[in-house]
Amino acid sequence: MSNEANIEQKIILPLLKQWGYSDAEYQAKPRIGNGYPDFVVRLPRTDVSPFNYLIIEVKSPQQKKLSGSQQLKQYMEIGRTVFGLLTNGREYQLFYQNPLKEPRRQINCCSGELDKKALQKLGKLLQRSTATALMNALTHQQLKVYHHFEKELTKKFSFFISSIPAKEASMIITVFNHKGGVGKTTLTLNLGAAFAEMGKRVLLIDIDPQANLTIGVGIDPLRDVEEQGRKDISDLLLEPRVSLEEVIYRKSWDDLQLDVVPSHIRLADKEPALINTIDIDRVLQRKLSNHSYDVILIDPPPAFGKVNTIALMASHGVLIPTQLAPYPIRAIEYVLARLEAMRNAMENPPRPLGIAVSMYNRSKSAANQQMRSKLESILSKYNHAIEILPESTWIPEKVTMLHSINFGQPIFSEKLYHELRRDRNSIDDLTQSFQNLARYLSSKALPK
């Protein structure tokens with residue numbers, strides 16, 4: 001199909017009819033906020049102010065990669081909408097939120113090719129009978145109806161299970177590469193934001209004296225930590241009575257929230273004290289023993305020092321970021337050799353979760369394939385199977401990411417999306433890649 005209008009006429013309108021909606025129950029191009037989504041399904045309610053059941057946003061089939069998720073999620077937020085469907089006729093993404101809960105949070109519950117199987121799944125969720133049953137059950141602020149609804153979705157639709165927030169075993173992951181400049185800290189920050197978008201409670205721990213992660217979330221180590229007399233990672237590691245709660249800073253960007261343990265350059269001077277402290281390797285492991293987070297991501301320096309050992313001892317898994325370039329790939333050999341040595345010395349060593357490709361230049365296909373082959377050759381030398389994570393999780397190289405760093409905000413920030421209007425396709429591309437990475441790790445990363 002050549003354009004959006006054809007998709008609307010030949011796919012969306014027939015689907016709305018097939019799902020049981022009359023012409024009076026959906027609108028084409030209504031105004032929501034400052035935009036005009038393609039279709040909005042609204043069923044009548046008598047008890048409280050109305051909200052929408054479904055918003056459909058259609059994108060050009062000429063796009064190489066489906067984009068527009070941030071725009072759709074804003075429509076869902078403003079329009080108090082249960083489901084949002086994004087499609088270009090070939091691919092789709094389906095988002096869900098509870099419109100009665102504050103703050104509202106959109107969850108990307110499924111995505112993939114818009115084939116017959118996908119249409120059958122979507123039909124069960126989006127048909128009028130499902131919408132009517134939910135609307136009829138609701139009264140003002142009756143959240144328990146939604147809790148039951150989400151429970152049934154989890155039970156009946158396997159693709160929905162990993163997306164609905166639930167009490168699961170927590171993951172502690174160190175993101176590490178001995179080679180600097182491979183996007184390690186940027187990946188850590190935005191992977192944490194992707195987990196938070198999934199409804200998980202996330203803690204980021206900056207254990208690097210350069211404090212790039214701390215600065216990346218908008219915390220100034222001098223102004224916000226030192227001059228305020230507040231505690232940081234150094235205090236957590238070296239002061240026995242300092243608890244995790246005392247060093248946590250809470251950062252929020254609209255409804256996105258991340259907790260952060262900040263770092264400070266003074267950590268670089270603490271190496272002798274760390275080395276001379278008895279059983280220091282397990283200090284972070286002990287301090288994290290009773291945490292309440294679903295995901296903890298640790299960002300150590302690109303070196304083999306004492307803080308790296310401390311981070312790895314506390315972790316269930318280690319994620320190794322790299323570029324598809326000669327020096328970063330060469331460095332992985334040293335990282336894997338060190339991890340192999342640690343495995344032999346540790347009772348419960350962290351499990352390698354795989355190689356995460358960052359700063360990926362899609363235009364260099366031949367060079368990328370050559371570097372991938374070299375990386376696979378290196379990985380084949382090790383006893384423990386270590387995979388290159390799927391290409392859908394690779395983080396593309398985008399100038400937009402530099403803007404995000406300069407703003408001190410994750411790429412998922414709604415404020416960033418508003419301010420960088422010309423970069424919205426890039427933002428959608430990046431957020432989708434980070435979401436794919438978060439979902440993949442959720443399915444693979446299990447505590448030791």
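A polar contact is a pair of N or O atoms within 3.5 Å; within protein, one of the two must be able to donate a hydrogen and the other to accept it. The exercises below apply this and similar cut-offs to a predicted model.

**Exercise 1. Glu-57 and its surroundings**

Task: Find the element that holds Glu-57, decide whether the residue is buried or exposed, and test the pair Glu-57 and Asp-38 for a polar contact.

Solution:
- Step 1. Glu-57 belongs to strand E3, which covers residues 52-58.
- Step 2. The relative accessible area of Glu-57 is 5%. Buried means under 20%, so Glu-57 is buried.
- Step 3. A polar atom of the Glu-57 side chain lies 3.4 Å from the backbone nitrogen of Asp-38. The limit is 3.5 Å, so the distance of 3.4 Å falls within it.
- Step 4. Leaving aside neighbours within four places in sequence, the residues in contact with Glu-57 include Tyr-36, Pro-37, Asp-38, Leu-72 and Tyr-75.
- Step 5. Asp-38 also takes part in a network of salt bridges with Glu-8 and Lys-29.

**Exercise 2. A sheet of 7 strands**

Task: Give the strand order of the open sheet of 7 strands, and state which strands are at its edges.

Solution:
- Step 1. The order is E9-E10-E8-E11-E7-E12-E13, and the pairing is mixed.
- Step 2. Strand E9 (249-253) and strand E13 (351-357) are the edge strands, since each pairs on one side only.
- Step 3. On average, neighbouring strands of this sheet are turned by 25 degrees against each other, direction ignored.
- Step 4. For one pair in detail, take strand E8 (residues 202-206) and strand E10 (residues 256-261): they pair in the parallel sense over 3 bridges. Ile-205 has Val-261 in E10 as its bridge partner.

**Exercise 3. Salt bridges**

Task: Check the pairs Asp-220 with Arg-223, Arg-282 with Asp-279 and Lys-381 with Glu-333 against the distance limit, and describe the exposure of their residues where it is known.

Solution:
- Step 1. A salt bridge needs a side-chain nitrogen of Lys or Arg within 4 Å of a carboxyl oxygen of Asp or Glu.
- Step 2. The closest N and O atoms are 3.4 Å apart in Asp-220 and Arg-223, 3.9 Å in Arg-282 and Asp-279, and 3.3 Å in Lys-381 and Glu-333. Each of these pairs forms a salt bridge.
- Step 3. Lys-381 lies in the loop between helix H14 (365-379) and helix H15 (399-407), while Glu-333 is in helix H13 (residues 326-345), so this pair ties together parts that are 48 residues apart in sequence.
- Step 4. Lys-381 is exposed, at 56% relative accessible area. Asp-220 at 26% and Arg-223 at 45% are partly exposed, as are Arg-282 at 32% and Asp-279 at 40%.
- Step 5. The whole structure holds 20 salt bridges.

**Exercise 4. Positive phi**

Task: Locate Ala-211 and Met-359, and give the phi and exposure of each.

Solution:
- Step 1. Ala-211 has a positive phi near 60 degrees and is not a glycine. Ala-211 sits in the loop between E8 and helix H7 (212-216), and is buried at 1% relative accessible area.
- Step 2. Met-359, also not a glycine, has a positive phi of about 50 degrees. Met-359 is in the loop between E13 and H14, and is partly exposed at 32%.

**Exercise 5. Confidence**

Task: Find a stretch where pLDDT is below 50, and say how its coordinates should be read.

Solution:
- Step 1. The average pLDDT is 86, and 90% of the residues score at least 70.
- Step 2. Residues 158-167 have a pLDDT below 50; beyond near neighbours in sequence, the stretch has 21 contacts in the model.
- Step 3. Predicted coordinates should not be read in detail where pLDDT is low.

Notes. Residues are numbered from 1 along each chain as its sequence is written. This is a predicted model: local features need pLDDT of at least 70, side-chain atom pairs count only at pLDDT 80 or more; totals for chains, interfaces and linings use all residues. Side-chain values use heavy atoms; hydrogens and water are left out. Two strands pair if DSSP finds at least two bridges between them. Helices (H or I, at least four residues) and strands (E, at least two) are DSSP runs, numbered from the N terminus. Axes are lines fitted to C-alpha atoms, for helices over the stretch in contact, and angles run from 0 to 180 degrees between N-to-C directions. Buried means under 20% relative accessible area, exposed over 50%, partly exposed in between (1.4 Å probe, protein chains only). Contact means heavy atoms within 4.5 Å. pLDDT is the predictor's confidence in each residue, from 0 to 100.
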